[in-house]
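This report covers one predicted protein model. It takes up a helix pair, some single residues and the confidence values.

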Amino acid sequence: MSITCNSIKMTDKNGDLNFLGQEARQWRDVPKDPITYVSNEETVFLFGGLTILQDKLIQSALRSLGENFIALPNPDFKSFQTGKAFGNRGQCNPTYFTVGNLVKYLQNLRDTTGLSNKEIVAKYVYVTAGGCGPCRFGMYITEYKKALHDAGFDGFRITSFEHDKGIFQGEDEAKQLLNFSPKFFITLIKAVIIGDIINILGYRMRPYEIEAGAVDKAIEVCRLRISQAFEDKKNLTKTLWSCRDILSAVKLNRLQPKAKVLVMGEFWAAMTEGDGNYNLHKFLEAEGAECIPQPIMNRLMLSIWEAERKLQKQENLTKETDKKIDFTNTKSRLLLVLAKTAVKTYFTLYAKAIGLHAYEIPNMQKLATLAKTYYTLDCEGGEGHLEVAHLIESVKENLSHLTISVKPFGCMPSSAVSDGVQSLVTNRFPSANFLSIETSGEGAANFYSRVQMALFKAKQSAKEEFEALDIPTHIPEKAHNYLYQPHNKKTGTAARVLESLV
Ligand code: SF4
């Protein structure tokens, strides 16, 4: 018996059969018959998979470059089921959600527009991030192609830019379809960063809103304004500054003690805002908690840090073996410094403009130092050492009352490796309130009940922290404005605000 990409082969005297008794054939990425695709100008590019806000901002940002981009809807349970129906067995659940989401979109497109499968294949392209993942991430493109083939969209084009190469993409099919120029990536990064900033503010404000839904409404007004600014090529900093009035108009009561919950874990599972993690963020807010989300910028900074580390190792090897200095390394290092500076500069500029203060851009070197005793820094799958680092940082710096690590079912780096290490970390840091939880796409009741149990303790800690402080006779109005962001040793927002007033 041997294992191929998409089936288990059994060999008997009649030849190779799969487990259904059908003839097993080698998987080929290329379509069976030649396909005539429409011209680049007529091509429609589909993408998706980040937060809802970021997907919408990216759509406007990339349209401003003259490309016809459409953001897919947020993956839901139906996407997961579609992914399971057409995907390989034994995948991690982000694969099922994202692959199924694309198949579901194309099926809807066919059923609602009357376009045939053939016409859809000729006209649409899906753009995604790819790379040589030591985990399943490295096989995503083949997964997409396999599911699309089985769903009747053989030859549908999937194009990827390598997430760890950023603006330094190779010469391949992807570049022929899309202009992966520095301008493309800078525009993309701007949209991602603005989305991160607004998401962080939204999570800070929503638990304290007096009128339910007011924060989301204000954010939607800001989003439309920023999208328009992208499309009209207007000044983004000024636009973000103009959003301050919209957000300041939302009435908040920030003196309610709420448990602060750091949500981290595998990149997609921790970041998605839907069935992919059972709507974890919404559930936590409904249960009276404030979430600290993981910005996408974390992933960007980790990729840059990993690339810098590789270069450093190559340079050390060159010195040890007395080889000649490789000047391409010097150029790569310079480009990495430029990329890091660009991310930090845009983040600082835009955060200041819209009023996100007291936010520290993730310091990858500091996080690596925290984690290295427990997790080898050379292990790059998924979030690598970051999950361990986040937990240690949260305990040492009193950042949250509870840390939840979300891991997709079947994820090797997050479930098998990080969680094994976390038991040692929680042993060394007994004050950690830590919950590691798997998302399989099914079994929501068990998931929610475990979150509720961990949250109970966190809520008590938040209440005790708040009640230990004296309440001043006069509370200034600024205490309830999102722009007032005091920084002190307290964890909860209410305790922090109160501490700053006494
Ligand atoms: S990190 Fe885990 S969930 Fe994410 S792609 Fe890799 S195996 Fe899948």
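At what angle do the axes of helix H3 and helix H5 cross? The axes of H3 (residues 93-113) and H5 (residues 140-150) cross at roughly 40 degrees and come within 10 Å. Helices here are DSSP runs of H or I with at least four residues, strands are runs of E with at least two, and both are numbered from the N terminus. Axes are lines fitted to C-alpha atoms, for helices over the stretch in contact, and angles between N-to-C directions run from 0 to 180 degrees. H3 is therefore oblique to H5; angles under 35 degrees count as roughly parallel, over 145 as roughly antiparallel, 65 to 115 as roughly perpendicular and the rest as oblique.

The crossing of H3 and H5 is right-handed (the near helix is turned clockwise from the far one by less than a right angle; anticlockwise would be left-handed). On the H3 side, the contact (heavy atoms within 4.5 Å) is made by Pro94, Thr95, Thr98, Val99, Leu102, Val103 and Leu106. H5 contributes Tyr140, Glu143, Tyr144, Ala147 and Leu148. Nine of the residues in the contact of H3 with H5 are nonpolar, two are polar and one is charged.

**Single residues**

Lys233 and Asn279 are residues other than glycine with a positive phi. Buried means under 20% relative accessible area, exposed over 50%, and partly exposed in between (1.4 Å probe, protein chains only).

| Residue | Phi | Loop between | Relative accessible area |
|---|---|---|---|
| Lys233 | about 55 degrees | H8 (214-231) and H9 (236-248) | 56%, exposed |
| Asn279 | near 55 degrees | H10 (267-271) and H11 (280-286) | 24%, partly exposed |

Val337 lies in helix H13 (residues 327-354). Its relative accessibility is 40%, so Val337 counts as partly exposed. Between Val337 and Ile304 the C-alpha to C-alpha distance is 8.7 Å, with 33 residues separating them in sequence.

**Confidence**

The average pLDDT of the protein (the predictor's confidence in each residue, from 0 to 100) is 89, and 90% of the residues score at least 70. Over residues 1-12 the pLDDT is below 50, and this stretch has 28 contacts in the model beyond near neighbours in sequence. Residues 166-171 also stay under 50 in pLDDT, and the model has eleven contacts for them beyond four places in sequence.

**Basis**

In this predicted model, local features need pLDDT of at least 70 and side-chain atom pairs count only at pLDDT 80 or more, while totals for chains, interfaces and linings use all residues. Residues are numbered from 1 along each chain as its sequence is written, and side-chain values use heavy atoms, with hydrogens and water left out.

How values were computed. Ala, Val, Leu, Ile, Met, Phe, Trp, Tyr, Cys and Pro count as nonpolar, Asp, Glu, Lys and Arg as charged, and the others, Gly among them, as polar.
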